[in-house]
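Work through these short exercises with the sequence and the 3D view side by side. Try each task before reading its solution.

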Amino acid sequence: MKHSAYHRLIILMLNCVSAFSQIHHEVVYVVGCFTNGTAEVQFEFDAEEILYTDFQRKEIVYTVPKFIDPDPSHILVGLSLMRDALTNKDLCVDLAKVVAKEENNPPEERDPPESVLYPSEEVELGVENSLICFVNHFYPPDIRVSWTKNGHPVSNGVSLSRYYPNNDQTFHQFSTLTFTPREEDIYSCTVEHIALSKPKTRIWEPKLSHPSLGPDIFCGVGLAVALFGITVGVFLIVKGHHRK
């Protein structure tokens with residue numbers, strides 16, 4: 001549904017208690033405008049309009065009978081009503097245009113990525129293998145993946161797949177590191193994304209007591225996936241919401 005270009009925006013409603021009566025009254029100052037530049041500025045007294053601004057003639061128009069006591073024009077004498085009205089009109093129109101723009105161009109939705117780190121094959125010391133950093137369910141499709149070995153950045157042997165779409169309009173991606181496992185080596189995969197407040201890091205090190213399974217596999221992949229290999233379709237987990 002498209003939004004009309006004529007958005008009314010009330011930017012100021014100032015309430016105060018009148019000082020010219022023993023009985024409390026409510027005085028309200030209202031500014032309203034449209035994105036086409038027209039605006040209204042008025043005073044209300046106990047929900048009744050007592051004056052408004054005629055911007056074409058640049059004058060204040062009182063809308064109460066002259067016999068009303070006290071006369072509002074006498075009470076408000078000395079106030080810069082027209083100057084303030086012109087200032088508030090310009091402010092209102094500017095804000096209305098900002099609101100209209102945001103309604104037509106809402107902020108882009110963001111989904112933070114999930115990640116899991118695991119070896120592609122059974123781990124044997126001294127035998128070349130691959131670590132896979134699987135990043136899933138993120139939007140927009142723009143992430144940065146980096147690797148470390150024993151705390152030091154690694155770039156050799158690193159590859160990055162293209163973005164793959166999920167059914168819920170998020171994306172997933174694979175980053176792979178070719179390595180030769182050795183005892184006490186520690187690897188990490190760090191993911192950066194606009195929806196994350198800070199980078200997300202997964203850590204992996206050889207566990208020879210369970211050679212075919214890295215400890216992080218159980219974070220989200222499952223035993224069956226480890227045994228039968230990783231395919232794109234395995235990781236398509238549909239979220240409970242969809243973008244329109």
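**Exercise 1. Find the residue whose side chain has a polar contact with D168, then place that residue in the fold.**

Step 1. The side chains of T170 and D168 are joined by a polar contact of 2.6 Å. Such a contact is a pair of N or O atoms within 3.5 Å; within protein, one must be able to donate a hydrogen and the other to accept it, and residues adjacent in sequence count only if both atoms are side-chain atoms.

Step 2. T170 lies in the loop between β11 (164–165) and β12. Helices (H or I, at least four residues) and strands (E, at least two) are DSSP runs, numbered from the N terminus.

Step 3. T170 counts as buried because its relative accessibility is 1%. Buried means under 20% relative accessible area, exposed over 50%, partly exposed in between (1.4 Å probe, protein chains only).

A note on the source: this is a predicted model, where local features need pLDDT of at least 70, side-chain atom pairs count only at pLDDT 80 or more, and totals for chains, interfaces and linings use all residues. Residues are numbered from 1 along each chain as its sequence is written, and side-chain values use heavy atoms, with hydrogens and water left out.

**Exercise 2. Take stock of the whole protein: how many helices and strands does it have?**

Step 1. Count the elements: there are three helices and 14 strands.

Step 2. Check burial. Of the 244 residues, 36% count as buried.

Step 3. Look at the surface. The protein exposes about 15,200 Å², and carbon and sulfur atoms supply 54% of that area. Areas come from the Shrake-Rupley method with a 1.4 Å probe; for residues, only the protein chains shown count as cover.

**Exercise 3. Trace the open sheet of four strands: what is the strand order?**

Step 1. The order is β9-β8-β13-β14, with antiparallel pairing. Two strands pair if DSSP finds at least two bridges between them.

Step 2. Find the edges. β9 (152–154) and β14 (200–204) each pair on one side only.

Step 3. Join β8 (residues 143–149) to β13 (residues 187–193): seven bridges link these antiparallel strands. R144 stands opposite E192 in β13, and S146 stands opposite T190.

Step 4. Turn to the other neighbour of β8. Three bridges join β8 to β9, and T148 has P153 as its bridge partner.

Step 5. Inspect the turn. The hairpin of β8 and β9 has two residues between the strands, and N150 there has a positive phi of about 55 degrees.

**Exercise 4. Study another hairpin: which residue between β4 and β5 takes a positive phi?**

Step 1. β4 (residues 48–54) and β5 (residues 59–62) run antiparallel, joined by four bridges. T53 stands opposite I60 in β5.

Step 2. Four residues lie between these strands, and K58 takes the positive phi, near 55 degrees.

**Exercise 5. Locate the largest nonpolar core: which residues have the most contacts inside it?**

Step 1. This core has 17 residues, and L131, C133, V145 and W147 have the most contacts inside it. A nonpolar core is a set of buried Ala, Val, Leu, Ile, Met, Phe, Trp, Tyr and Cys residues joined through side-chain atoms within 4.5 Å.

Step 2. Name the elements. β7 (129–138), β8, β12 (171–179) and β13 give two or more residues each. β7 gives the most, with four.

Step 3. Find the second, separate core. Its 16 residues include A39, V41, I50 and A96.
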